[in-house]
Amino acid sequence: MIRKIQVKNGRGLTLRGFISVPQKYETAIVFLHGFPGSCQGSTATRLLQAAAKTNYLLMVFSFSHTPPSDGNFEDKLMSKEVEDIKYALDFLQKNYKFKQLILAGISTGAIEASLYAYRDKRIDKLILMGAESDTKHSVHYDFTDEQVHDFWTKKYIIYDRPDHWVHGKKLKKAFYDEFFTLDIPAAIRKYKKPLLIIHGEKDESVPLKDAQELFTMANKPKKLVIIKDADHRFSKTLHFVKVLKVVRDFIEKK
């Protein structure tokens with residue numbers, strides 16, 4: 001059964017999302033969406049639909065400052081999103097019983113999962129999809145030269161994406177500035193539990209070398225799986241099914 005959830009974060013904002021709860025389960029998975037995605041995006045939706053056919057509990061939610069959660073988009077910061085994770089896990093622990101907790105993220109969600117996982121002993125395994133190895137260079141994956149120019153001259157950007165909910169929304173320069181302060185390498189070296197990195201061979205948003213660099217710096221036990229011909233979101237059904245199999249094998253491995 002898939003139902004709506006609401007979680008209060010440490011700043012009093014309500015995080016909204018969905019949870020799929022099977023009749024019997026031992027494993028709970030919390031999935032973190034990318035930027036500027038949401039819990040209603042294609043990847044989160046497909047994972048919810050897939051989870052409904054398994055014996056895994058899956059929770060997805062929108063970070064603060066992302067619809068349908070509270071907060072103005074222009075005030076979004078990745079550090080605030082990292083903080084949101086704790087309150088999502090607190091909610092899960094308080095309301096559901098499980099034996100194994102998996103934290104998973106895609107793209108920017110993978111950044112935040114990388115930055116958070118070592119801090120929380122409740123997390124048993126970590127899954128990173130379409131992950132970036134260092135925000136100091138990956139900032140150029142998320143913003144065009146024109147947008148960077150606007151950040152420096154106007155101190156904000158306005159999105160021009162008519163086919164996306166972010167169209168016409170403002171984002172302050174503080175979000176851009178944080179890319180140069182967040183330390184993925186330091187965080188991932190502190191994480192010492194099982195890690196799975198999944199990357200599309202033809203990822204158009206994050207180069208494959210990022211996944212390889214992340215794998216090199218990570219502690220064992222670790223595994224890197226490259227999905228042949230897949231894009232950033234594993235959008236083709238064949239590729240998505242392969243991702244699900246890899247994830248299932250990783251979860252079930254003792």
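**View 1. Ser69 and the residues around it.** Skipping neighbours within four places in sequence, Ser69 is in contact with Thr14, Leu15, Arg16, Ser62, Phe63 and Ser64. Keep in mind that we're looking at a predicted model. Ser69 sits in the loop between β4 and α2 (78-95). Its relative accessibility comes out at 8%, so Ser69 counts as buried, the cut-off being under 20%. For anyone hunting polar pairs, a polar atom of the Ser69 side chain lies 2.8 Å from the backbone nitrogen of Arg16.

**View 2. β2 against β4.** Arg16 also belongs to the stretch 14-20 that makes up strand β2. This strand runs antiparallel to β4 (residues 56-61), and 4 bridges join the two. To find your bearings, look for Phe18, which stands opposite Val60 in β4.

**View 3. The whole sheet, strand by strand.** Zooming out a bit, we get an open sheet of 8 strands with mixed pairing, ordered β1-β2-β4-β3-β5-β6-β9-β10. β1 (2-8) and β10 (222-227) are the edge strands; each has a single partner, so one side of each has no neighbour in the sheet. From one strand to the next, the twist averages 20°.

**View 4. β3, wrapped up on both faces.** In a regular strand, side chains alternate between the two faces of the sheet. Here, Thr27, Ile29 and Phe31 are on one side of β3, while Ala28, Val30 and Leu32 are on the other, and all of them are buried. That's 6 of the 6 residues of β3, so the strand is largely enclosed by the rest of the structure.

**View 5. β3 and its parallel partners.** β3 runs parallel to β4, with 6 bridges joining them; one pair to pick out is Ala28 with its bridge partner Leu57 in β4. To get from β3 to β4, the chain passes through helix α1 (residues 42-51), making a right-handed β-α-β crossover. β3 and β5 run parallel too, and 6 bridges join them. In that pairing, look for Leu32, whose bridge partner in β5 is Gly105.

**View 6. Two helices lying across the strands.** Helix α3 (residues 108-116) lies across β3 (27-32), β5 (100-106) and β6 (125-129), and it runs at about 135° to β5. Helix α8 (residues 208-217) lies across β6, β9 (195-200) and β10, running at about 170° to β10. Both helices, then, lie across β6. As for β10, it is one of the edge strands from View 3.

Conventions. Residues are numbered from 1 along each chain as its sequence is written. This is a predicted model: local features need pLDDT of at least 70, side-chain atom pairs count only at pLDDT 80 or more; totals for chains, interfaces and linings use all residues. Side-chain values use heavy atoms; hydrogens and water are left out. Two strands pair if DSSP finds at least two bridges between them. Axes are lines fitted to C-alpha atoms, for helices over the stretch in contact, and angles run from 0 to 180 degrees between N-to-C directions. Contact means heavy atoms within 4.5 Å. Buried means under 20% relative accessible area, exposed over 50%, partly exposed in between (1.4 Å probe, protein chains only). A crossover is right-handed if, with the strands pointing away from the viewer, the path from the first strand over the helix to the second runs clockwise. A polar contact is a pair of N or O atoms within 3.5 Å; within protein, one must be able to donate a hydrogen and the other to accept it, and residues adjacent in sequence count only if both atoms are side-chain atoms.
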